[in-house]
Amino acid sequence: ILFSFAYFAKFDPEKDAKFRFVNPMPHEIMNLSLREHPAFSYDMTPDVEEGDILIFPCWMLHYVEEQKTDGPRITVAGNFYEVLKE
């Protein structure tokens, strides 16, 4: 796998669960005052809207928060692979 993606086919940023990336830096060695800076936070939420696609390296840790509203939230996710020719 080279890259992963998430396409937000039906998504309301005001009410739907957020897609989040996790900072892989060990949390126990971080200075707590640095956590206030976005680059050193535990995780980050990209600013996405319906119709957007995120393409990111497959090794990036990510998750989606729990959907707490009624109604559909449609996201298409997958991976891009390299096909090797002999």
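These legends accompany close-up views of a predicted model of one protein chain.

**View 1. The whole chain, for orientation.**
The chain holds 0 helices and 6 strands. Read from the N terminus, its elements follow the order β-β-β-β-β-β. The C-alpha trace spans about 45 × 45 × 15 Å along its principal axes. The radius of gyration of the chain is 16 Å, whereas a compact globule of 86 residues would have one near 12 Å. Of the 86 residues, 21% are buried. The chain exposes about 6500 Å², and carbon and sulfur atoms supply 58% of that area. Among contacts with a separation of 6 or more, 76% join residues 24 or more positions apart.

**View 2. The largest pocket.**
The space in the largest pocket comes to about 170 Å³. Two elements each give two or more residues to its lining: strand S2 (19-22) and strand S3 (43-44). The lining consists of 13 residues, and those nearest the centre of the pocket are Phe-21, Val-22, Asn-23, Pro-24 and Met-44. By type, the lining residues divide into 10 nonpolar, 2 polar and 1 charged.

**View 3. Ala-6 in strand S1.**
Ala-6 is part of strand S1. Is Ala-6 buried or exposed? Its relative accessibility is 2%, so Ala-6 counts as buried, the cut-off for buried being under 20%. Beyond the residues within four places in sequence, Ala-6 is in contact with Phe-19, Asp-52, Ile-53, Leu-54, Phe-56, Thr-75, Val-76 and Ala-77. One of these contacts, Phe-56, is 50 residues from Ala-6 in sequence, with 8.9 Å between the two C-alpha atoms.

**View 4. Phe-3 in strand S1.**
Phe-3 also belongs to strand S1. Phe-3 counts as partly exposed because its relative accessibility is 39%, and partly exposed covers the range between 20% and 50%. Residues up to four places away in sequence are not counted in its contacts, which are Ile-55, Phe-56, Pro-57, Cys-58, Gly-78, Asn-79 and Phe-80. Phe-56 therefore touches Phe-3 as well as Ala-6, contact being heavy atoms within 4.5 Å. How far apart in space are Phe-3 and Phe-40, C-alpha to C-alpha? The distance is 23 Å, for a sequence separation of 37 residues.

**View 5. Phe-11 in the loop after strand S1.**
Phe-11 sits in the loop between strand S1 (3-10) and S2. With a relative accessibility of 4%, Phe-11 counts as buried. Which residues does Phe-11 touch, not counting those up to four places away in sequence? They are Asp-16, Ala-17, Val-48, Glu-49, Glu-50 and Arg-73. Glu-49 is 38 residues from Phe-11 along the sequence, and their C-alpha atoms are 6.5 Å apart.

**View 6. Val-64 in strand S5.**
Val-64 is found in strand S5, which runs over residues 62-64. At 39% relative accessibility, this residue counts as partly exposed. Leaving aside neighbours within four places in sequence, the contacts of Val-64 are Ala-17, Lys-18, Phe-19 and Arg-73. Ala-17 and Arg-73 appear here and also among the contacts of Phe-11. Phe-19 is in contact with Val-64 and with Ala-6. The C-alpha atom of Val-64 is 11 Å from that of Asp-43, a residue 21 positions away along the chain.

Key: Residues numbered from 1 in each chain as written. Predicted model: local features only at pLDDT ≥ 70, side-chain atom pairs only at ≥ 80, totals over all residues. Heavy atoms only, no water. 1 Å grid on protein atoms, 1.4 Å probe; cavity = no way out; pocket = protein on both sides within 12 Å on 5 of 7 lines; lining within 4 Å. Points joined across faces, edges and corners; volume = space filled by probe spheres on them. Helix = DSSP H or I, 4+ residues; strand = E, 2+ residues; numbered from the N terminus. Nonpolar A, V, L, I, M, F, W, Y, C, P; charged D, E, K, R; others polar. Rg over C-alpha atoms; globule rule 2.2 N^0.38 Å. Buried < 20%, exposed > 50% of the residue type's maximum accessible area, 1.4 Å probe, protein only. Areas by Shrake-Rupley, 256 points an atom, 1.4 Å probe, with all protein chains shown as cover.
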